[in-house]
Amino acid sequence: MASHAPFPQPHTFSVLNMEFRLYIWRMRARRAGRIPAPVRRERTMETSFTPYMSLAGGVLIGLSAVLLMAVNGRIAGMTGIIAGIIPPFSADWPWRIAFLLGAILAPVLFLSAGGAIPYAVPVSLPLLAFGGLVVGVGVYFGAGCTSGHGVCGVARLSPRSIAATLTFMIFTGLTVYVIRHVLGL
């Protein structure tokens, strides 16, 4: 079987052009037997969008961030809060523990009151752990997490937080696009 010559280089670079080239490469490689056809997994449960519950959650997150700033003068960034309860402990560790317990107990109370939290995790546990590791590295190098930058920093019009939040959102969109539409997972 004759091998195909590489693609001619386009004069302009675009994401669509690159995606098309990747699609053609995959199709040729499948026909030649170099890579197997993708396996389509059935998604048994999708997380559905619930506008009222989402709005209520957003209001509660915003309210907790405002109250923490008003009462303690602290930013409600989960990474910073958690960092203060890992040895060596911060001097202000009691409010950090209370905040984290509230974040953990609120869904438990909601479920015990008869509420339901539908969710789906369509990836394996190792992939989920890898994603958590990547997020942890990003939080470290980004000097904060989505709650610290996205909720509190953007509200304070912090240029650093606005840039970080835009970066989070752009790379989240790109990651979902690549995983679903390029890799087909």
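**Figure 1. The whole chain, helix by helix.** Helices here are DSSP runs of at least four residues, numbered from the N terminus. With that in hand, the pattern along the sequence reads α-α-α-α-α-α-α. In this predicted model, the chain has seven helices and zero strands. Of its 185 residues, 15% are buried. The accessible surface of the chain comes to about 14200 Å², and carbon and sulfur atoms hold 73% of it. Among contacts with a separation of 6 or more, 39% link residues 24 or more positions apart.

**Figure 2. Where the predictor is confident, and where it is not.** The average pLDDT of the chain is 79, and 82% of the residues score at least 70. Which element has the highest mean pLDDT, and which the lowest? Helix α4 (residues 93-112) has the highest, at 90, while helix α1 (residues 15-31) has the lowest, at 69. Look also at residues 7-13, where pLDDT stays under 50. The model has nine contacts beyond four places in sequence for this stretch. Where pLDDT is low, the predicted coordinates should not be read in detail.

**Figure 3. The largest nonpolar core.** Eight residues make up this core: A65, L68, A76, I81, W95, F99, L100 and C152. Two elements, α2 (51-72) and α4, each give two or more residues to this core. The largest share comes from α4, which supplies three residues.

**Figure 4. An arginine in helix α4.** R96 is found in helix α4. Is R96 buried or exposed? Its relative accessible area is 6%, under the 20% cut-off, so R96 counts as buried. Not counting residues up to four places away in sequence, R96 touches R74, G80, I81, G84, I85 and S90. One of these partners, I81, also belongs to the largest nonpolar core.

**Figure 5. Two cysteines without a disulfide.** A search of the whole structure finds zero disulfides. For C145, the nearest cysteine sulfur is that of C152, 8.5 Å away. A disulfide would need the two sulfur atoms within 2.5 Å, so this pair does not qualify. C145 is buried, with a relative accessible area of 8%, and C152 is buried too, with a value of 7%. Leaving aside neighbours within four places in sequence, C152 is in contact with A65, I75, A76 and S147. Of these, A65 and A76 are listed along with C152 in the largest nonpolar core.

**Figure 6. Checking the length of helix α5.** Helix α5 (residues 125-141) has 17 residues. How far apart should its ends be at 1.5 Å a residue? The expected span is 1.5 Å times one less than the number of residues, so the 17 residues of α5 should span 24 Å. The end C-alpha atoms are 24 Å apart, which agrees. After α5 comes A143, whose phi is positive, near 55°.

**Figure 7. Two loops with backbone details to look for.** P88 is found in the loop between α3 (78-83) and α4. What kind of peptide bond joins P87 and P88? The bond is cis, with omega about 0°. Further along, L157 is found in the loop between α6 (146-155) and α7 (159-182). Phi of L157 is near 60°, a positive value in a residue other than glycine. L157 has a relative accessible area of 65%, over the 50% cut-off, and therefore counts as exposed.

Conventions:
Residues are numbered from 1 along each chain as its sequence is written. This is a predicted model: local features need pLDDT of at least 70, side-chain atom pairs count only at pLDDT 80 or more; totals for chains, interfaces and linings use all residues. Side-chain values use heavy atoms; hydrogens and water are left out. pLDDT is the predictor's confidence in each residue, from 0 to 100. Contact means heavy atoms within 4.5 Å. Buried means under 20% relative accessible area, exposed over 50%, partly exposed in between (1.4 Å probe, protein chains only). Accessible areas come from the Shrake-Rupley method with a 1.4 Å probe; for residues, only the protein chains shown count as cover. A nonpolar core is a set of buried Ala, Val, Leu, Ile, Met, Phe, Trp, Tyr and Cys residues joined through side-chain atoms within 4.5 Å.
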